[in-house]
Structure formats: C-alpha cells, structure tokens
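I opened this notebook to record what I looked up, entry by entry. The sequence and the structure are placed here for reference.

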Amino acid sequence: MPRYVNVAMGQLGPIQRSDSRAQVVGRLCDLMRQAHAVGAHLIVFPELALTTFFPRWYIEDEAELNPYYELEMPNAATMPLFNLARELGMGFYLGYAELTNEGGVDVRYNTAILVDRSGAIVGKYRKVHLPGHREHEPWRRFQHLEKRYFTPGPGFGVTQAFGGIVGMALCNDRRWAETYRVMGLQGAELVLIGYNTPVHNAPAPQHDDLSLFHNALSMQAGAYQNGCWVVGVAKAGLEEGVDSIGGSCIIAPSGEVVARCHTKDDEMAIARIDLDFCAVYKRTTFNFDLHRQPHAYGLIVERKGETLMADGSPLTGQA
Ligand code: CDT
C-alpha cells in the first residue's frame, strides 16, 4: 500500500516587531485550518515563526533580547496551536528561538520541532549552520547576528513519523550538501526546512538577484542526491524594512518542484507526497551502499576550511 502524506506549506508573510505572539499564533492556526480543509496531515511553518527575525538588530540588553525566546514548548502562547492540531488530527513543524538552561548556564538555540497528529512533540532539531556574524557591523544595512544569538546544535537526526523517516533542518542548513547527506544516510524520506532569507546579503550584494534561484537550487539538489522529499517554507515579504524571499516549495526525490507558493504573504499550498517514490532513487542512482566511496571523502570531516599551499596550489591531490 502506498505511503501517502498530504503535506501543506504554511508560508508566513512578515511579522513586525510590534506583533504579539497571540496575533502570530492566530495566523498559524488560520493556515492550519486552511490546510486541514484540503486534507493535509502535516503543515510546515517557517524558521523563527513566532516573532520578527530579531537577528537583524544588535541587542545588548538581555532584558530586550530574552522576550524573543521561548522558555518551554508548548507554552501559554502556543497552546492554541497544539490544541487545534490535536482537534484536527494535524501534525506540524514549527521553528522558534529557544532559551534553555544547561548546568546553570543559559543557552540559546534556533530550534524546530515536529509535532505528530496527536499533538505530541516527536522530534526536536537545533540549527547547525548559523550564518552571519557575532559582533555589531554598522556598515551593513541590517545585521545578521545568528552567530551571536544562538549556539550551533549537535547534528542532524531523523524521526519515525507520518509513516516514514522525517528529518529537519533550518534555513542556512539547506545550502550545505552535508545536511541532506547526513540525514540521507539515516534513510530520510522527508526533510522539512523553514527559512528566513533576506533578498539582500550585505557581504555579497551581487548574489541578491539570484537568491530565489539559490533557494531552489540547493533544495532541489538535496532532494535528488538523497532520494528524498524536501519541503522548504519561507517567512517572506517586507519585515521591519527588510525584504525576504518567498519561494516556498515542495520538491520530489526526482528534484522536481511539485507545489509552490506564489505570494510573499501568509499562504497555504499543498501536495500529496508518496514516500515510496524515494525508493526508485535510493535503490538505483543513489544506492549509497552500492556506489558511495567513503574512503575518498575523509577530508569532509577532517578539515573544516579550504587549505591551499603558499603558492595557491592544492595541498593534496591533483589540480
Ligand atoms: N536565517 C538564515 O539562515 N538566513 C540565511 C541568510 C543568508 S546569510 C546572511 C540563509 O542562508 O538563507
């Protein structure tokens, strides 16, 4: 019997700084109702989906910073979403800023959870690839201080849920081949990714016109090369004067986009995905067991950055 999952994208338009948690959770509930009305089993929301994208500001005062984080999940503000999920029998993926305490020390993560159709949290992921910078850089039109406000998570696990093997990642993770491959090696059939991607990237403004292309390129490659479905969902539009891309889409293991959002506002779009469609890729072209050559890949984990000889020639191997 085919393993179908009806997966919805719950793309968000902008969240302004003055918007309350209650307003945002109301928007998430509205998207969930829309998705349920067309038969969705699971809805994927963006990264940091409960607040404005606060890493765009340099904030020194913890009293100002801390309200952007959740101390527990669910909490009073998000309980209506969990209650609705339970009532409708819908699962969801949700990104949020997490403030936790480890051995008496405050630790901050950029986190996503996976909630099953009974409203139970069945997976938690803490973002590994934190982009941007740590210190205030006033030359930028806006900051991208994820390296300051978050600690990298431990890695990419997968969860048995929705009848298959589900992995999670967040935003910048989607640009890295390692993200998908580490989950692919654990059999991931469905990878869920929320994102906030400003159109303008201050260190490389020449990429601005390509930001939607790079979004699709990264996720389509990840899907195809690992024989899995990928669902990427944006928080889009003009938020506190910063424009972010939309481009939310669902990608098949063939690398083809099978559903996409068309606006930069709150928008729900859906696809029926067949988890068994992964097998034809996982068992042939990307049969890892048969074709991978790990003896040749050691540098991927041994070395972090590119290393060249003083004259610019490669340190090892042939040019
Ligand atoms: N949220 C996030 O990871 N955004 C980055 C922006 C570019 S890096 C400054 C991304 O990779 O989309």
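Which pocket does the ligand take up? I found that the ligand occupies the second largest pocket. For this I took a pocket as an open set of points on a 1 Å grid over the protein atoms alone, with protein on both sides within 12 Å along at least five of seven lines; a molecule sits in a pocket if more than half of its atoms lie within 2 Å of its grid points.

I noted the basis of the entries: this is a predicted model, in which local features need pLDDT of at least 70, side-chain atom pairs count only at pLDDT 80 or more, and totals for chains, interfaces and linings use all residues. Residues are numbered from 1 along each chain as its sequence is written, and side-chain values use heavy atoms, with hydrogens and water left out.

I listed the surroundings of the ligand next. Its shell holds 13 residues, each with a heavy atom within 4 Å; the closest are Lys127, Cys171, Asn172, Arg175 and Thr197.

I then looked up polar contacts (pairs of N or O atoms within 3.5 Å). An oxygen atom of the ligand lies 2.8 Å from a polar side-chain atom of asparagine 172. A ligand nitrogen is 3.0 Å from a side-chain N or O atom of glutamate 47, and a ligand nitrogen is 3.1 Å from a polar backbone atom of asparagine 196. The ligand taken alone exposes 350 Å², of which the protein buries 89% (Shrake-Rupley method, 1.4 Å probe).

I turned to the backbone. Methionine 73 and proline 74 are joined by a cis peptide bond, with omega about -5 degrees. Phenylalanine 162, although not a glycine, has a positive phi of about 55 degrees. Most residues other than glycine have a negative phi, and most peptide bonds are trans.

Definitions and conventions. Polar contact = N/O pair within 3.5 Å; in protein donor to acceptor, adjacent residues only side chain to side chain. 1 Å grid on protein atoms, 1.4 Å probe; cavity = no way out; pocket = protein on both sides within 12 Å on 5 of 7 lines; lining within 4 Å.
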